[in-house]
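Hi,

Here is the structure I said I would pass on. Have a look at it first, and my notes on what turned up follow underneath.

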Amino acid sequence: MPAAEKPPAACLIGWPAAHSRSPLIHHHWLRALGIEGGYTIESVPPEDLADFVGRLSHHGFVGANVTIPHKERALLLSVPDERAKAVGAANTLWYQGGTLFSTNTDIEGFLNNLDASVPGWDAATDALVLGAGGASRAVVFGLIERGITRVHLANRTAGRAQALADQFGAAVVPVAWETVGEVLPRAGLLVNTTSLGMKGQPTLDVDVGLLPQEAVVADLVYVPLQTPLLTAARARGLRTADGLGMLLHQAVRGFELWFGKRPEVTPELRALVEDDVTKV
Ligand code: ATR
C-alpha cells in the first residue's frame, strides 16, 4: 500500500526497548475510538537517534513518544514548546506543517491527574516537593502555573534543588533534605518525585503524621501502585493521587496530536493498565 494510504502510526523511541505501558494505553484508545492506527516500540541506540528522529515521517510515523535515555536530545532535534524547554526534556513529538515539534506532557499529566483525583487540591498555598530531577521540574512548573504560592523543594543533593530555584524564581524555596520534617506542618500538598518507594528502592522516610489534616499527598512512583507513602497517607485519612493516574493523563495529548481525537482516562483504561502494573 502506498505510504499515503497507510493508517497513521506513532511509536515510542527508547533504548533499550524497555517494557512500557504506552502501547497498552494507545491501543486501548484506538480501539475505543474506532480509529485505524498503530503504536509500536522502536529500539533506537543513541548513535542512531538523530537520523531516526530526523527521518521519523520516512519511517512511517506521524509522531512519537520519547523515553530514557533520549528525552534531552529529542528536545534538540525538534522545535520545543515552552513546557519542553522548562523541563529540559521532550517526551512527545508531532508534525505540524512538515515541522517536527516537541512538548513535555508530564506537566499536564501531573495537573490533570490531581484535578481528577483530588479536586480542590490547588487551595493549598504551600507545597513540598521531594526530588529535583526531570520529573520534579515538570511538577514545579505545573504548581507555579496553578498559582501555588510557595513550592518548598527538598533534594538529597542540595545543589540540584538550588538549580531549580534559580530556574523558576522566588516561588521555589530550597529546603535541606534533613529538615523536611519542619516544613510538613505547613504543606497543603506533598509530592514525591524521587525514586524512593519504587520497587527495589529504599522507602521514603517521611512522617505523614506531621502534615495538616486537609493535606493532599501525591506520589509519582507507580510500581508498586500503593507506595508506602500513599498507604501511610491514606491510613491517616489524607487524600491521595497516585503515579499511575499521572502516567495515563500524560498520554492524552500525544494521542490527540497524532490521531486527531482527544481520548479519555476512564476507569476501564485504568483497570487495564493497573492489571499490567500489578503483574510485575
Ligand atoms: P527523574 O527524571 O525521574 O526525576 P532523576 O533526574 O534521576 O529522575 O531524579 C531522581 C531523583 O530521585 C533525584 O531527586 C534524586 O536525588 P539526587 O538528586 O540527590 O540524586 C532522588 N533520589 C534517588 N535515590 C535517592 C535516595 N536513595 N535518597 C534520596 N533521594 C534519592
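Let me start with helix 1: its buried residues pack against strand 2 (38–43), strand 3 (63–66), helix 10 (243–259) and helix 11 (267–279). Contact here is heavy atoms within 4.5 Å, and buried is under 20% relative accessible area, exposed over 50%, partly exposed in between (1.4 Å probe, protein chains only). Helices (H or I, at least four residues) and strands (E, at least two) are DSSP runs, numbered from the N terminus.

Before going further, some housekeeping. This is a predicted model, where local features need pLDDT of at least 70 and side-chain atom pairs count only at pLDDT 80 or more, while totals for chains, interfaces and linings use all residues. Residues are numbered from 1 along each chain as its sequence is written, and side-chain values use heavy atoms, with hydrogens and water left out.

Back to helix 1, which covers residues 22–33. The buried residues there are S22, P23, I25, H26, H28, W29 and L30. The twelve residues of helix 1 reach 17 Å from first C-alpha to last, close to the 16 Å expected at 1.5 Å a residue; the expected span is 1.5 Å times one less than the number of residues. Just after helix 1 comes G34, with a positive phi of about 65 degrees.

Helix 5 (residues 106–117) also has twelve residues, and reaches 16 Å end to end by C-alpha, close to the expected 16 Å. Its buried residues are D106, I107, E108, G109, F110, L111, N113 and L114. Between helix 5 and strand 7 (126–130) there is a loop, and that is where A123 sits. A123 is exposed, at a relative accessible area of 64%. Its C-alpha is 8.0 Å from that of G188, although the two are 65 residues apart in sequence.

Which peptide bonds are worth checking? One is the bond from I68 to P69, which is cis with omega near 5 degrees. P69 is in the loop between strand 3 and helix 3 (71–76). Another cis peptide bond joins V223 and P224, with omega about 10 degrees. P224 belongs to the loop between strand 11 (216–219) and helix 9 (228–235), and is partly exposed, with a relative accessible area of 32%. Setting aside neighbours within four places in sequence, P224 is in contact with G197, M198 and K199. For P224 and G197, the C-alpha to C-alpha distance is 8.0 Å, with their positions 27 residues apart in sequence.

As for the whole chain, the secondary structure comes to eleven helices and twelve strands. The radius of gyration is 19 Å, which agrees with the value near 19 Å for a compact globule of 280 residues; it is taken over C-alpha atoms, and the globule rule is 2.2 Å times the number of residues to the power 0.38. The C-alpha trace spans about 65 × 40 × 35 Å along its principal axes. Of the 280 residues, 51% count as buried. Among contacts with a separation of 6 or more, 66% are between residues 24 or more positions apart.

Cheers
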